[in-house]
Amino acid sequence: MSQPPLASSSTADRASSSELPLVVLLRDQVGLSADRIEALVAAGFRSLAELGALTREEQVESKLTLPEIARIRLVAQGAPAPASAAAAAQDASIRGMFSEIRRHNKFIEKEIIISKRMRLDCWTPSKRSQVEQHEFKDALLDFYQRRDTDRPGHIFCMVLNKSYPSNHVRAAHLYKRATLGRQLPEFGLQMDDIDSPRNGILVAEGIECAFDNRQLCFLYDFLHSSLIVRVLDPTLLPQLVAPSTSSTFAEINGARLRHPPDSIPFRRILNYHARVCWQDALSHCWIVEDPSKPETRFEEYWNQSEGASDVERGLDNDSTESEP
């Protein structure tokens, strides 16, 4: 059914409410938008009196707010709602709407971050076949040059820098082999980088166990451009680092990860592992962040890995450059 032609605003100001089309009144005196007015007309409403008499349930169904109903009733009684009051009420309604949207967005963003952290957190005690272990260990031995040439079958731990029988030095995947590398593209890497020697380190079995259990991590020493051990679980400090019979975790706390200058493990993976460990340490009260104590702060070193995507914020990065 076609609507009567719209009257101009000046005509609306001079005429009484009963003489004006519903569309004009809702537009000029109540302050509704064109699409809202169209929806009300399509629903069969033909007068302000009908709208003003709506029950609470009908108001909800018509999507009219309480301030809008109040203005409709005021205009229906022949007293035009002041333009400033209508605008103020509309602004308040809009602000409330956007405030609610922001609140929901923050909740959704938090849930996405928590979900992503859980999905990307792969650090659990290792389970792998002997074939996988031997092949990966051989690649790491060549990459990091940790064979003990004076004692066949012995390997230097990259943290303790001492030689131990091969079965006591683990070829530890930084990002676990069990994931098959499915999440690595989110770190700016390729799926087949799961078997890259840069995705592993050669460490004593006690260090690998603590790494997988998130009791220690590797931080970046910006002053010396090196990766260092940070023991987060204080109960580990007095314990011996297996298989050593003399070195404790307290002694390796702050020790440098030894590797050739041009053979660097994936720092983006170590950085993310450190983030996960740091959150665990805070939840276990192993550390208490204190801005006045540098040792209690976690310093990001994500930017030391050129081309890494920002997993924490979920931002896409199409760069395919490799790490330096």
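The legends below describe three close-up views of a predicted model.

In this predicted model, local features need pLDDT of at least 70 and side-chain atom pairs count only at pLDDT 80 or more, while totals for chains, interfaces and linings use all residues. Residues are numbered from 1 along each chain as its sequence is written, and side-chain values use heavy atoms, with hydrogens and water left out.

**View A. Helix α2 (residues 22-30) against helix α3 (residues 34-42).** Helices are DSSP runs (H or I, at least four residues), numbered from the N terminus. The axes, lines fitted to C-alpha atoms over the stretch in contact, come within 10 Å and cross at roughly 150°, on a scale from 0 to 180 degrees between N-to-C directions. That makes α2 roughly antiparallel to α3 (angle over 145 degrees). In α2, Val-23, Leu-26 and Arg-27 meet Ile-37, Leu-40 and Val-41 of α3, where contact means heavy atoms within 4.5 Å. These contact residues divide into five nonpolar, no polar and one charged; Val, Leu and Ile count as nonpolar and Arg as charged.

**View B. Val-30 in helix α2.** Val-30 is buried (under 20% relative accessible area, 1.4 Å probe, protein chains only), with a value of 0%. Its C-alpha atom is separated by 6.8 Å from that of Glu-68, 38 residues apart along the chain.

**View C. Helix α11 (residues 267-283).** The 17 residues of α11 reach 24 Å from first C-alpha to last, close to the expected 24 Å (1.5 Å times one less than the number of residues). Of these residues, 14 are buried, leaving α11 mostly covered. Cys-285, with a positive phi near 60°, follows α11.

Key:
Helix = DSSP H or I, 4+ residues; strand = E, 2+ residues; numbered from the N terminus. Parallel < 35°, antiparallel > 145°, perpendicular 65-115°, else oblique. Buried < 20%, exposed > 50% of the residue type's maximum accessible area, 1.4 Å probe, protein only.
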